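Colleague: Hey, got a minute to walk me through this one?

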Amino acid sequence: MASVFSLPSSSFLCPLKITKFRTKIQTLHSSQKPFLINSLQLTELDPKIPQPVQIFWKWLCDEGIVSVKTPVMPGVVPEGLGLVAKRDIAKGETVLGVPRRFWINTDTVAGTEIGNVCAGLEPWISLALFLLREKRRDDSKWKYYMDVLPECTDSTIYWSEEELSEIQGTQLLSTTLSVKDYVKNEFQKVEEVIRRNKQLFPFPITLDDFFWAFGMLRSRAFSRVGNQNLMLVPFADLANHSAKVTTEDHFHEVGGPAGLFSWDLLFSFQSPLKLKAGDQFLVQYGLKKSNADMALGYGFIEPSSARDAFTLTLEISQSDDFYGDKLDIAESNGLGETAYFDIKLGQSLPPALIPYLRLVALSGIDAFLLESISRNAVWDHLKLPVSRTNEELICKIVRDACKSAVSGYHTTIEEDEKLMEEGNLSSRLHIAVGIRAGEKKVLQQIDDIFRERELKLDELEYYQERRLKDLGLVGEPK
Ligand SMILES: C[S@@+](CC[C@H](N)C(=O)[O-])C[C@H]1O[C@@H](n2cnc3c(N)ncnc32)[C@H](O)[C@@H]1O
C-alpha cells in the first residue's frame, strides 16, 4: 500500500512551479537588486535557511514589519517553515505585529488595478486572482512573501488519484471531491473574467494555478480578524499548529507603531505558551476542527482521537405522509429537511440527534403525537422514547447506515492500526490511514450505542406508559 505514496512529486497535483526553494536554492531575478545579507537580523537566521526566506526576512526588517525587538524569526522546522523564539517568551507576550498595509484582503485587492474586475467576485476568488497576479509580477510589493509560499501542502485537494484511493469510502474523500468540483466550477466562471481582461492578466492561469491559490488561502488565511473575513498576513502565517495549545484567541487587531514614523492597525500575535529561546512559536488552528477538516484544509492530522469524527446525515423524506408537519417541527427546533450531526470519538451523541431520528421514524399510530398543540411540546415528547416500534426503527436506521458506511472502506481498523504501528508511512499515507481508521472507530462507537439500545428496548418506558402514569392509571402517579 505504501508504495503508491512514494510517487515522484511530479505525479501529484502540485501546481505552479513558481517557488522552488524547498527543493533547490532559488536564484534572484535579473531585474532585482540582490540584498546585502549582513543586517543584524539576518545574521541571526540559521544559515541552513533557504535564500528566499533570508531575503523575505531582510524585507520584513527593511519594511519595519520586524525590528530587533521582535522575539521570533523564521526557522526550518519539521512542519516546513515556522517561527522560532529568539529569546525566552512569556505566555501572552506579543510576538509580532504586522501593519495593515501588508495585509492581503479584499480591501487590498480593491485598491489595485484588478479591483474593479474583482469587485463582484467571491472574496476568496478575488484574493486567489490577486495572489496569482502578484506571484508573476517582478515589481510586486509582496514579491518576497510570494517567493516563500510553498508549492503545495498535503491537503487532500492536491492528492493524485492513487493517493485518493487510500481514503476510499471515507467522508473525507467525498468532501474532497465536492470541494474540487466547486473549485473547478468557479474556475470555469472566472476564466471568462480572465479572458475579458487580458491586459490585467497577461499570462496563462491554469486550473492547477487556481488550485494552488485556493490551497494557500485554505491553509494560511486568517478569518474573524476585526471585520475582515479572509486575509493573508505575511510573516504571521508562518505560525504552525500544535495540539499543546488549547486556546484559540491568539491574534488581535491593535493600534501600534508601524515603522519609524507611522502608526497603524497591527495584526498582532500573542504567544499561547511560555517559550524558551529556540522553541517554536505555535498556535491552535481550531479546537473544533475534525481531523478531516485538518487534512482538507492544512494537509495534516493530529494523533488525538478527539479529532476523529463522522457526520451522520438524516433526512425527512418528501414522500413521508407527515412531511409537512415533521418539517415544521424540525424547523421550529433549528433543524431542517436534512440535518447533519457531527459525532466525535469518545463524546456523547449530539442532543438533537435522537429526537430528530424519532421524528423521522414517526409513523402509524405514533403519528398522533404530531397533533400536539405546540411544536415545542412535540419536540419535548421526542426527547423520550415514543414507542417500541419507533425506538426499534431508529436503532435499525442508524445501525444499517453504519453497516453500509463500514462496507465502503477497503481496510479494517486492525489493518490500519497495524500500518500505523509499523510506521514509516509517507505524510499523505499517514493522513489516509489515520482518517479511515478514525471514521471507522466513530462508526463503531455509534453502532455500539444503538446495539445496546436495541438490547434495552423491552426495559424502556414509552409515551403511552408515561401518559398512563401521569394520569395515575398505572404505577405510582408523578
Ligand atoms: C499557516 S502555514 C504555516 C507555515 C508553513 N509551515 C510553511 O512552511 O509555510 C500552514 C501549513 O503549515 C503546515 N503545518 C502547520 N502545522 C503543522 C503541524 N502541526 N503538522 C504538520 N504540518 C503543519 C501545513 O502544511 C499547513 O498547511
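Modeller: Sure, we'll go through the ligand shell and then two helix pairs; keep in mind that this is a predicted model.

Colleague: Okay, how many residues surround the ligand, and which are the closest?

Modeller: There are 16 around the ligand, and the closest are Gly80, Leu81, Ser219, Asn240 and Phe300. Elements giving two or more residues to that shell are β2 (80-85), α9 (207-220) and β4 (240-241).

Colleague: Which element has the largest share?

Modeller: That's β2, with three residues.

Colleague: And how do the shell residues divide by class?

Modeller: Five are nonpolar, eight polar and three charged.

Colleague: You mentioned α9. At what angle do α8 and α9 pack?

Modeller: Helix α8 (residues 171-196) packs with α9 at about 120°, and their axes are 10 Å apart. The two are therefore oblique to each other, and their crossing is right-handed.

Colleague: Which residues make the contact?

Modeller: From α8 you get Val183, Lys184 and Phe187, while α9 brings Leu207, Phe210, Phe211 and Phe214. Six of the contact residues are nonpolar, none is polar and one is charged.

Colleague: Switching topic: how do α14 and α16 cross?

Modeller: The axes of α14 (residues 388-407) and α16 (residues 427-455) come within 9 Å and cross at roughly 150°. That angle is over 145 degrees, so α14 and α16 are roughly antiparallel. Their crossing is left-handed.

Colleague: What's in that contact, by class?

Modeller: Eight nonpolar, no polar and six charged residues. Among them are Cys395, Val398 and Arg399 in α14, and Lys440, Leu443 and Asp447 in α16.

How values were computed: Residues are numbered from 1 along each chain as its sequence is written. This is a predicted model: local features need pLDDT of at least 70, side-chain atom pairs count only at pLDDT 80 or more; totals for chains, interfaces and linings use all residues. Axes are lines fitted to C-alpha atoms, for helices over the stretch in contact, and angles run from 0 to 180 degrees between N-to-C directions. Helices (H or I, at least four residues) and strands (E, at least two) are DSSP runs, numbered from the N terminus. Angles under 35 degrees count as roughly parallel, over 145 as roughly antiparallel, 65 to 115 as roughly perpendicular and the rest as oblique. A crossing is left-handed if the near helix is turned anticlockwise from the far one by less than a right angle, and right-handed if clockwise. Two residues are in contact if their C-beta atoms, placed from the backbone, lie within 7 Å. Ala, Val, Leu, Ile, Met, Phe, Trp, Tyr, Cys and Pro count as nonpolar, Asp, Glu, Lys and Arg as charged, and the others, Gly among them, as polar. A residue is near a molecule or strand if its C-beta atom, placed from the backbone, lies within 6 Å of it.
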